[in-house]
Amino acid sequence: MKTLALALASLILTAGPVAAQSHDHSSHTAPVQAPAPDPHAGHDMSGMRMAPAAAPAQTPAPDPHAGHHMSHGAAADPHAGHDMSGMQTAPAAASAPTSAPDPHAGHHMNHGAATADPHAGHDMGGAASAIPDIPTSADAVGGRLVQASPPPGALAGPAHAADLLFDPSVMAAARRQLLAENGDVRTTAVKIDALEAGFGDGADSYSWKAQGWTGGDINRFWWKTEGEGVFNGRLHDAEVQALYSRAVAPFWDVQAGVRQDFRPDGKDTTYLTAGVQGVAPYWFEVSAAAFLSTRGDLTARVEAEYDLRLTQKWILQPSVEAALSASDTPELQLGSGLTSVKAGLRLRYEIRKAFAPYVGVEWGRSFGDTADYARAHGGAADDTRLVVGIRAWF
Amino acid sequence: MSIPNLDRRTLLRGAVAGGGLLGLQGLTPAWAQTVSPGLRSDLPTLNGPNIDLTVGHSPFTVGGRTGHAFTVNGLLPAPLLRMREGQNVRLSVTNTLDEDTSIHWHGLLLPFQMDGVPGVSFPGIRPRETFVYEFPIKQSGTYWYHSHSGMQEAMGHFGPIVIDPAGVDPVAYDREHVLVLSDWSFLHPHQILDKLKKSPGYFNRQRTTVAGLLDGSDRMSLSERRMWGAMRMDPRDILDVSGATYTYLVNGHGPQENWTGLFRPGERVRLRIINASAMSIFNVRIPGLAMTVVQADGENVRPVEVDEFQISVAETYDVIVRPTEDRAYTIVSEAIDSSGMGRATLAPRPGMTAEVPPLRQTPNLTMADMGMGGMNHDAMGHGAMDHASMGHGDMAGMDHSAQAASSPMSMDHSGMNMRDPSKAPANMAVGVGVDAIAMAPANRLAERPQGLQDVDHRVLVYADLRALTPNRDTRPPSRSLEIHLTGNMERFMWGFDGRKFSELVEPIRFELNERVRVTLVNDTMMAHPIHLHGHFFELVNGHDGHQPLKHTVNVAPGSKVTFDLTADAPGDWAFHCHLLMHMHAGMFNVVTVRPLEGAAS
């Protein structure tokens, strides 16, 4: 599983979404060892396209009724197959458009085909010969292209033409609905990332992890919950987060809100939380959040997972999660620094895209003082469990 | 299997006046019955000048399963409207639904208030209301009509329009058939959109996999995968909604039902093909028969003979075929991601079938689809780039894209800025809704469309289209306008210039009779069929003076398309991507043409 190793390696390198995001904006370093760029490269296609274009001429079966009675002109364009690349390059060279691009751009190259064709209806050739290459912003130099304003007449009223013919208040209601139906899509999602049973050295355990949202594309109410416990025993811990989530970049949301922990030992804790969640390059699903408890303790959590599609339905999902603490917090049995790491590997089968049972292993280890706390409470510093569960969303 | 008999025809004729009775004839209109002899004049048609249409609910059965459809006069597709250029038509549309409805006459030139877009041209048709559309028919050709409300179009609310020319038809034919292509899902379109919002790859069951890497069936190297992964883009994201949920229909018939059109060997048969799909672009072929394309979007073009063509959503193509043998032919309309196909048959007699070809391999997206097809124009001049944009046509080899990807260029991708705002006009919003900006969009009008790069027969390209008659307005454009088609695939957000329509965008403003050159730049890696209401625009494809007129143009991924527009229809007009879910997700705007002088009222 080279890919997997690579995945995990680059995951660590990525070290959080913000760094990952910067990939996205990194500039044109890319010196390419490609062969000397042929200025005509890519243009040849017009020549090549000639073949299909001119092809009808090869089938001189035109029936006298043939569509438009043009069979007599069936001779291929004398220029068919000529290398048009030079012609096409011209507009490219003439690119660097200004706010008032030449309306004729590209047209001159049509060697006479320009303007009213005297042979209208007879000229059977020349298909696809010289398509004017109209420059765009991508060809502009020296800043973003500013478009020409519409002429004054275009700004004449009324604002809404239909208001002249229909009741303006009825039209206004129809416009509101039009707005809602063309972009303002609201969704409510529930994603159960894991609902599983674990089997290891200790008691058989259960755990869950789920999240969901409701809202539009940019602003959403987001919630998350996770927890674990042992069968026939007590809940070990559970947490719920209620967040405001805002899309800030194509692949990233920032989230802020509160987190409430529930622990059977009564040490329930409330936190303020802020974080980011999104998709890093190479399709790593990443989230990172910091938590400030009402007692002033600062902790953080970074998670990442990756879906490796073995087939359309069998998907192997490696995941890692690291927890950190800024201070020694005996009440929560946390030492400062890296407190714990969890790594999982789950193999799921998507019976449907939104419903998949899985099996996997999860390994967890606590470090430093956190490990000592665990040992002091009769636990182990590391733990490996076989897990079986389902993943679903709706 | 019933060829309409006299009684049925009589009943239908009577029903034309009182549309309510039409439900009696069953869900499929006569011209789309399982076996159709074609559109002869003795077959029932609704041809006005007074036409009554009733929008309602109907059960619809395909492949042995029954679902709920929105229909017109109880039919799916809706009745064929056959009219003549120069006549006036009065269409009374009655809404029997519990929700609003509307009918947009796609491609027809008419006063803006008759265009049928709620919130733009009129308020919509409320439940139990009748709205009367009345306008003169000023054109001829093959068109269609559909709801512009509540995604009803995805549930059956669409039908064909054929307008005969006032004079002699330059296209000669002995028989004609209308083929309405569509996509049917038992999922409600709002559920489909909901799933796409939560999981944009939900309907994609053809993604690259480790298995496909190991056995080579993905035709994509590890380095190429890494490059796509680095961009967080899916090289198999061809169509958002696929054959995983869609049954592809021809005239309301699934592949099993096999709609069959009859012919007599030797006849010239005109096929009027309409893509009334919500989300599906098709590659259309009839193995064993060459097709001569004579019309596109209702406008005559210089005949061009091909073996296959792509028809994007909302486009129409008329082709002439001349089967000479006494055998059946399969009409294949294969979704461009090869996830499924529509199938129909042309046969001399009912009951005959021909071989149905297997689905093709799923295509992989290329460098050109990423907006790098025009790379060679760029100062960076990456030589390797043009592999992807180069003619795949005559090179029989299969793996151009793979070659391009394994070239040194592909390795350097992550270092390139795939979202550089300087590659977009100053008025474009580069925010969450824009996951990429084409670095070097290429004009791909001469390139074979998606899924057809490597087929070894003749394929129609946009550059082949040449208007039969000279363009009327020969003025040079007085202004240029650049509009970017933008999106965020991961969030399923779509828009123009980085904005969803719901974000209160400025309309696109034209002065009456202004001649404008509009360039659409597709910053996304998906094709978008862009439709302008109330106008035809001239595709700038090299046929100066005979630029083909279109109402809908498919803008290939990462490409640019330029059209010249004479804004001669005063009023407000919708302008949008005709992939219904893209429109619903925000790829929509209003075009205003002012002043309103001359606007019929």
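Which strands and helix do the buried residues of H2(B) pack against? In this predicted model, the buried residues of helix H2 (residues 189-198) of chain B pack against elements of both chain A and chain B. From chain A these are strand E1 (187-199), strand E2 (205-215) and strand E13 (382-393). From chain B they are strand E23 (493-496) and helix H8 (580-584). The residues of H2(B) that count as buried are B:Pro189, B:Ile192, B:Leu193, B:Leu196, B:Lys197 and B:Lys198.

**Chain B overall**

Chain B contains eight helices and 32 strands. It has 601 residues, of which 74% count as buried. Among its contacts with a separation of 6 or more, 76% are between residues 24 or more positions apart.

**Helix H5 of chain A**

Helix H5 of chain A covers residues 168-181. At 1.5 Å a residue, its 14 residues should span 20 Å, and the end C-alpha atoms are 20 Å apart, so the two values agree. Four of its residues are listed as buried: A:Met171, A:Ala174, A:Arg175 and A:Leu178. They cover an arc of only 105° around the axis, and therefore lie on the same side of H5(A). An α-helix has 3.6 residues a turn, so residues three or four places apart point the same way. The partner of this buried set is in the other chain: the residues pack against strand E32 (588-594) of chain B.

Both ends of the helix have a local feature. At the start of H5(A), a side-chain oxygen of A:Asp167 comes to within 2.9 Å of the backbone nitrogen of A:Ser169. After the helix comes A:Gly183, with a positive phi near 135°.

**Strands E24 and E32 of chain B**

Strand E32 of chain B, against which H5(A) packs, is also paired within chain B. E24(B) and E32(B) run in the parallel sense and share four bridges. Within this pair, B:Glu511 has B:Arg594 of E32(B) as its bridge partner. Strand E24 (residues 508-511) has two unlike faces: B:Ile508 and B:Phe510 are on the covered one, while B:Arg509 and B:Glu511 are on the uncovered one. In a regular strand the side chains alternate between the two faces of the sheet.

**Two open sheets of chain B**

One open sheet of chain B has six strands in the order E11-E10-E13-E18-E15-E16, with mixed pairing. Its edge strands are E11 (247-250) and E16 (299-306), each pairing on one side only. Neighbouring strands of this sheet are turned by 25° against each other on average, direction ignored.

Another open sheet has four strands in the order E4-E9-E8-E6, again with mixed pairing. Strand E4 (81-84) and strand E6 (104-106) are at its edges with a single partner strand each, so one side of each is left without a neighbour in the sheet. The twist averages 25° from one strand to the next.

The table lists three strand pairs of chain B.

| Strand pair | Sense | Bridges |
|---|---|---|
| E15(B) and E18(B) | antiparallel | four |
| E8(B) and E9(B) | antiparallel | six |
| E24(B) and E32(B) | parallel | four |

In the pair E15(B) and E18(B), B:Ala296 stands opposite B:Tyr317. In the pair E8(B) and E9(B), B:Tyr143 has B:Ile161 as its bridge partner.

**B:Thr142**

Is B:Thr142, a residue of strand E8 of chain B, buried or exposed? Its relative accessible area is 0%, and B:Thr142 is therefore buried, the cut-off being under 20%. Its side chain makes a polar contact of 2.9 Å with that of B:Asp318. Leaving out residues up to four places away in sequence, B:Thr142 touches B:Ile161, B:Arg272, B:Ile274, B:Gln295, B:Asp297, B:Gly298, B:Thr316 and B:Asp318.

**A:Ile351**

A:Ile351 is in the loop between strand E11 (337-349) and strand E12 (355-366) of chain A. With a relative accessible area of 44%, A:Ile351 is partly exposed. Beyond its neighbours within four places in sequence, A:Ile351 is in contact with A:Lys313, A:Ala356 and A:Pro357. From A:Lys267 it is separated by 84 residues in sequence and, C-alpha to C-alpha, by 40 Å in space.

How values were computed: Residues are numbered from 1 along each chain as its sequence is written. Chains are lettered from A and ligands numbered from 1 in the order in which they are written. This is a predicted model: local features need pLDDT of at least 70, side-chain atom pairs count only at pLDDT 80 or more; totals for chains, interfaces and linings use all residues. Side-chain values use heavy atoms; hydrogens and water are left out. The expected span of a helix is 1.5 Å times one less than its number of residues. Buried means under 20% relative accessible area, exposed over 50%, partly exposed in between (1.4 Å probe, protein chains only). The arc is that of the directions from the helix axis to the C-beta atoms. Contact means heavy atoms within 4.5 Å. A polar contact is a pair of N or O atoms within 3.5 Å; within protein, one must be able to donate a hydrogen and the other to accept it, and residues adjacent in sequence count only if both atoms are side-chain atoms. Two strands pair if DSSP finds at least two bridges between them. Axes are lines fitted to C-alpha atoms, for helices over the stretch in contact, and angles run from 0 to 180 degrees between N-to-C directions.
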